[in-house]
Structure formats: structure tokens, C-alpha cells
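Colleague: I am new to this structure and would be grateful for an explanation of the terms applied to it. Please show it to me before we begin.

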Amino acid sequence: MAILPIITAPDPRLKVVSDPVAGVDDDLRKLMDDMLETMYAAPGIGLAAIQVGVPKRVIVMDLARDEEPPEPRYFVNPVISDPSDDLATYEEGCLSVPEMYEEVERPARAHVTYLDYAGKERSEDIDGMLATCLQHEIDHLNGILFIDHLSKLKRDMIVRKLLKARRQHVPA
Ligand code: ZN
């Protein structure tokens, strides 16, 4: 496995709409293994392939708490349907928007279909953290960041902070 570099905003690649994959093979499992290792190393709880520069509809996630054993999950070609009318608010962060956290409102529940690590078709109802996290990651597959759900004023402020932080990290 390998740790891959994570792309951060405002990189234009994060605006790309990712392509569905034809199926799950060993090459794709290798990508998912590398994405999971990259996510754990960051550390983060979810990662979409485009965040490591690969425009494929692939997501890895682990919502287990620190004291719990790891629970890696893989979502290939995920499709959300039947979003609930009632909304849930979570403070969201993103490995591509480092060190910025803001509250985002999303449907509290929905249904998702996807292929798992073995390429098996799966379908489940989601709520809580899983619902929020999956909607955040599927947004990535459509070129959308959580800051795109905020007001333009807030978004511009965050992008300015990111650019300033990046300049400070680049040796002169
Ligand atoms: Zn993210």
C-alpha cells in the first residue's frame, strides 16, 4: 500500500465530475487500499478518489471511533436516492480543505446503492454520521466541496485563508 498526496482547494481538479467505474478489479482494489491508507494517515474518516487526483466514482470511509476496531468501508459508483425532507446539521471538515470546519445542513436520511470491495451490489438506508459523510463524499464525485454549501462570503474567506496558509508552507 502507499500513501498518496491529497489535493487541497482551490485546486481545479476538485471541481471535476468523476466517472463511474466499469467494475471492481484488482487495480481498483489497489487504489482503494492506497486511499484507505492515505485516509488513515491524514487522519480522516472519508476520502474520495478525486482527492488523490483520480476522477473515478470511488469512496473509502471508516466511522469507527478511536477506541473501536477499524471498520473500513468502500463505496464504488454510489447513488443516493430518497433523501429525507428533514435535515441534520453537522460540523464538517475535509482533508482537501485543511483545518477549516463549518456547520452544513443536509438531508438526515437517504438510501444508497453501490458496489462494495468485492464488486457486490449493495443497497441500504443511511442516517446519522454515515448519511452526512456519504453525502459529503458523493459531493466530491460531482466536483462539489462542503464549502460550496456555505455563503459566498464565508467560502471566499476560507479560500483566502487556505491560499495564505499554502504560501507560508512553500519555501521562499
Ligand atoms: Zn471532503
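Modeller: A disulfide is a pair of cysteine sulfur atoms within 2.5 Å. The model is predicted: local features need pLDDT of at least 70 and side-chain atom pairs pLDDT 80 or more, while totals for chains, interfaces and linings use all residues. Residues are numbered from 1 along each chain as its sequence is written, and side-chain values use heavy atoms, without hydrogens and water.

Colleague: Why is Cys133 not bonded to the closest cysteine sulfur?

Modeller: The sulfur of Cys133 lies 9.8 Å from that of Cys94, which is too far for a bond. The structure holds zero disulfides.

Colleague: What makes Cys94 a donor of the zinc ion?

Modeller: Donors are N, O and S atoms within 2.8 Å of the metal (3.2 Å for Na, K and Ca); water is not among the atoms, so sites may look incomplete. The SG atom of Cys94 coordinates zinc together with NE2 of His136 and NE2 of His140, at 2.1 to 2.2 Å, so these atoms meet the definition. Along the chain, the donors follow the spacing C-x41-H-x3-H.

Colleague: Why is His140 called buried?

Modeller: Buried means under 20% relative accessible area, exposed over 50%, and partly exposed in between (1.4 Å probe, protein chains only). His140 has 0% relative accessibility, so His140 counts as buried. His136, at 6%, is likewise buried, and Cys94 is buried at 11%.

Colleague: With which zinc donors is Gln51 in contact?

Modeller: Contact means heavy atoms within 4.5 Å. Leaving aside neighbours within four places in sequence, the contacts of Gln51 include Cys94 and His140. Gln51 is itself buried, with a relative accessible area of 1%.
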